[in-house]
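The exercises below are to be worked with the sequence and the coordinates side by side. Each one sets a task and is followed by a solution in steps.

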Amino acid sequence: MKETFSISEINKYNEWDYFISQCRYKSLPQSWEYGSAKFDSEGWMPIRLIVRDEANKPLTIIQVLIKKIRFVGGVARINKGC
C-alpha cells in the first residue's frame, strides 16, 4: 500500500500555535519563540512545516532551523518533531 503525504510551510504564528497546542508531547525547541530567538541570536532561519496524510489530516509538525555556512553551503537542524 502506497502512502501519500504532503508537506507545506506554516508562516502564521496563530496556526503554528494551534498545532503545537494539539501535540501530546510538547518541547521548547518546537515553539515559535524558540525559532525566532535562534534567528535573532545566532542567525538560524526557522522553517515551520506540517505533514499531512492523503486525507489532509495533520500527522506532524516540524521546525527546521537552517544556517548558511560559507564554503559548505549550509546545515539544517531538527530538534524534535511533534
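**Exercise 1. Establish the surroundings of S6.**

Solution. Leaving out residues up to four places away in sequence, S6 touches I50, V51 and R52. The model is a predicted one, and in it S6 belongs to strand β1, which covers residues 6-9. The next step is to look further along the chain: D53 is 47 residues away from S6 in sequence, yet the C-alpha atoms of the two are separated by 6.5 Å. Finally, S6 has a relative accessibility of 34% and therefore counts as partly exposed, since the partly exposed class lies between the limits of 20% and 50%.

**Exercise 2. Describe the setting of V51, one of the residues touched by S6, and compare its place in sequence with that of L65.**

Solution. Begin with the element: V51 is part of strand β2, made up of residues 45-52. Then list the contacts, again not counting residues up to four places away in sequence; V51 touches F5, S6, I7, K57, P58, L59, T60 and I62. With a relative accessibility of 12%, V51 counts as buried, because buried means under 20%. As a last step, take the pair V51 and L65, which are 14 residues apart along the chain and whose C-alpha atoms are separated by 17 Å.

**Exercise 3. Set out the order of the secondary structure elements and the overall extent of the chain.**

Solution. The count comes to two helices and four strands, and read from the N terminus these elements follow the order β-α-α-β-β-β. Along the principal axes, the C-alpha atoms fill a box of roughly 40 × 30 × 20 Å. The chain has 82 residues, of which 30% count as buried, and its accessible surface comes to about 5,900 Å², with 56% of that belonging to carbon and sulfur atoms. Turning to contacts between residues at least 6 apart in sequence, 44% of them join residues at least 24 apart.

**Exercise 4. Find the salt bridge and examine its two partners.**

Solution. The structure holds one salt bridge, and it is formed by E42 with K38, whose closest N and O atoms are 2.9 Å apart. Both residues lie in helix α2, four residues from each other, which corresponds to about one turn of the helix. Next, consider the accessibility of each partner: E42 counts as partly exposed at 39%, whereas K38, at 11%, counts as buried. The wider charge inventory is 13 positive and 9 negative side chains, and the centres of these two sets lie 5 Å apart.

**Exercise 5. Identify the buried residues of α2 and say what covers them.**

Solution. The buried residues of this helix are W32, Y34, G35 and K38. Among the elements that cover them are α1, β2, β3 and β4. Just after the helix, G43 takes a positive phi of about 80°.

**Exercise 6. Is Q30 buried or exposed, and which residues are in contact with it?**

Solution. First locate the residue, which is found in the loop between α1 (13-22) and α2 (32-42). Its relative accessible area is 1%, so Q30 is buried. The contacts of Q30, leaving aside neighbours within four places in sequence, are with W16, I20, I61, I62, Q63, K80 and G81.

**Exercise 7. Examine two residues that have a positive phi although they are not glycines.**

Solution. N56 has a phi of about 70° and lies in the loop between β2 and β3; with a relative accessible area of 47%, N56 is partly exposed. F71 likewise has a positive phi of about 70°, but its place is in the loop between β3 and β4, and a relative accessible area of 81% makes F71 exposed.

**Exercise 8. Trace the nonpolar surface patch that includes F71.**

Solution. The patch is formed by I69, F71, V72 and V75, which together have about 440 Å² of accessible area. V72 is placed in the loop between β3 (58-69) and β4 (73-81). Since its relative accessible area is 62%, V72 is exposed, the limit for that class being over 50%.

Conventions
Residues numbered from 1 in each chain as written. Heavy atoms only, no water. Buried < 20%, exposed > 50% of the residue type's maximum accessible area, 1.4 Å probe, protein only. Contact = heavy atoms within 4.5 Å. Patch = residues over 30% accessible without salt bridge, like charges linked within 9 Å, V, L, I, M, F, W, Y side chains within 5 Å. Areas by Shrake-Rupley, 256 points an atom, 1.4 Å probe, with all protein chains shown as cover. Salt bridge = Lys/Arg side-chain N within 4 Å of Asp/Glu carboxyl O. Lys, Arg positive; Asp, Glu negative; His and termini not counted. Charge placed at Lys NZ, Arg CZ, Asp CG, Glu CD.
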